[in-house]
Amino acid sequence: MFETLIRGATIVNAEGFERRDVGITDGRIAALVQPGETASARTVIDAAGAYLLPGLVDAHAHLREPGLTHKDDFSSGTHAAALGGVTTVLDMPTDEPWTATAEQLADKMAMTEARIHVDVGLQTVVSRNLSLIPRVLDLAPVSFELFTADVPDDFLFATSDAVAEALKAFAGSDTLIGISPGDQSILTGSTLRDRPGTIAAFQASRPHVSTPASKQRRRTSSSPPAIMRCKALISRPRHPCARRMMWMRCAPR
């Protein structure tokens, strides 16, 4: 017997469209049942005429808590995500203050308690104070963000040498580091040459060559990530549209 059975939906997956019933146990898909096949569950959801899609993952979101909650917060942002079919949100660390220390990450985790409607993964920023990294790693953030341009000096790694030295601080750990690429020298030079404060001047200071379109991702281990609970992945969905998910944690299988 399943905990929940979703009947009558058209499943949308990588192979296309398929009519199946979905059996769920312990918050996870346990079986895809052929239409008409006998199956029982404590809860049956009639989804006839509806499409059933996997929950989406938003890997770059700004929930703006703490400090900028006039824009958004954990409750409003994750409520909107659930309504749009997004069941996991990865929250960027550029709030006020930026999430750089173990204490700031722990505080942010506590702020989510009983207030989120989908799974939330918390990211942290790499500070130029590299001594902070070991204690942050103990909380297992879903990733670290390393910036090379257009951020406050405390978080700026403006040269390839600075980036390489920062990455050495992660030696021996198994985590994910997102390098947000840019060329600070182009931004600085453009600002010095042209300072009228217009929109056109701002756009000219950020030519395409200074901000490559794709982020570079680096793992500090070649081991494949394991599927397990991440300490900084808060999985307490409160919205009926949300489902529990596991996330790839930074630890080898």
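This is a short talk on two sheets, one arginine and a few aromatic rings in a predicted model.

Confidence comes before geometry. The protein chain averages a pLDDT of 83. Of the residues, 82% score at least 70. Two stretches need care. Over residues 213-217 the pLDDT is below 50. That stretch still has 15 contacts in the model beyond near neighbours in sequence. The other stretch is residues 221-253, where pLDDT also stays under 50. There the model has 106 contacts beyond four places in sequence. Where pLDDT is low, the predicted coordinates should not be read in detail. I will leave both stretches there.

Now the N-terminal strands. Start with the open sheet of 4 strands. Its order is 5-4-1-6, and the pairing is mixed. Which strands sit at the edges? They are strand 5, residues 28-33, and strand 6, residues 41-46. Each of these pairs on one side only. Neighbouring strands in this sheet are turned against each other by 25° on average, direction ignored.

Look at one pairing in that sheet. Strand 1 covers residues 2-7 and runs parallel to strand 6. The two are joined by 5 bridges. For a concrete position, take Arg7: Asp46 in strand 6 stands opposite.

Next, the second sheet. This one is open too, with 3 strands in the order 3-2-7 and mixed pairing. Strand 3 and strand 7 are the edges, and strand 7 is just residues 51-52. Strand 2 spans residues 10-13, and strand 3 spans 16-19. They pair in the antiparallel sense over 4 bridges. Together they form a hairpin, with 2 residues between the strands. Asn13 stands opposite Gly16 in strand 3. On the other pairing, strand 2 runs parallel to strand 7, with 2 bridges between them. There, Ile11 has Leu52 as its bridge partner in strand 7.

One residue to pick out here is Arg20. Where is Arg20 found? In the loop between strand 3 and strand 4, the latter being residues 21-25. Is Arg20 buried or exposed? Its relative accessible area is 16%, under the 20% cut-off, so Arg20 counts as buried. What does the Arg20 side chain make a polar contact with? The side chain of Glu18, at 3.0 Å. Then come the contacts beyond four places in sequence. Arg20 touches Ile6, Ala9 and Ile11. The list goes on with Leu32, Val33, Gln34 and Pro35. Ile11 is worth a second look: this is the residue bridged to Leu52 in strand 7.

Last topic, the aromatics. How many aromatic pairs does the structure hold? There are 4. A pair of aromatic rings is described by the distance of the centres and the angle of the planes. One of the pairs is Phe144 with Phe170. The centres are 4.9 Å apart, with 70° between the planes. That makes the pair edge-to-face.

What does this pair tie together? Phe144 lies in strand 11, residues 143-147. Phe170 lies in the loop between helix 4, residues 160-168, and strand 12, residues 176-180. So the pair links parts that are 26 residues apart in sequence. Both rings belong to buried residues. Phe144 has 2% relative accessibility, and Phe170 has 1%.

There is also a cluster. Ring pairs link Trp98, Phe147 and Phe155.

To close, three places to look at on screen. Find the hairpin of strand 2 and strand 3. Find Arg20 and Glu18. Then find the edge-to-face pair, Phe144 and Phe170.

Methods
Residues numbered from 1 in each chain as written. Predicted model: local features only at pLDDT ≥ 70, side-chain atom pairs only at ≥ 80, totals over all residues. Heavy atoms only, no water. Pairing = 2+ DSSP bridges. Axes fitted to C-alpha atoms, helices over the stretch in contact; angles between N-to-C directions. pLDDT = per-residue confidence, 0-100. Contact = heavy atoms within 4.5 Å. Buried < 20%, exposed > 50% of the residue type's maximum accessible area, 1.4 Å probe, protein only. Polar contact = N/O pair within 3.5 Å; in protein donor to acceptor, adjacent residues only side chain to side chain. Phe/Tyr/Trp six-rings, centres within 6.5 Å; stacked < 30°, edge-to-face > 60°.
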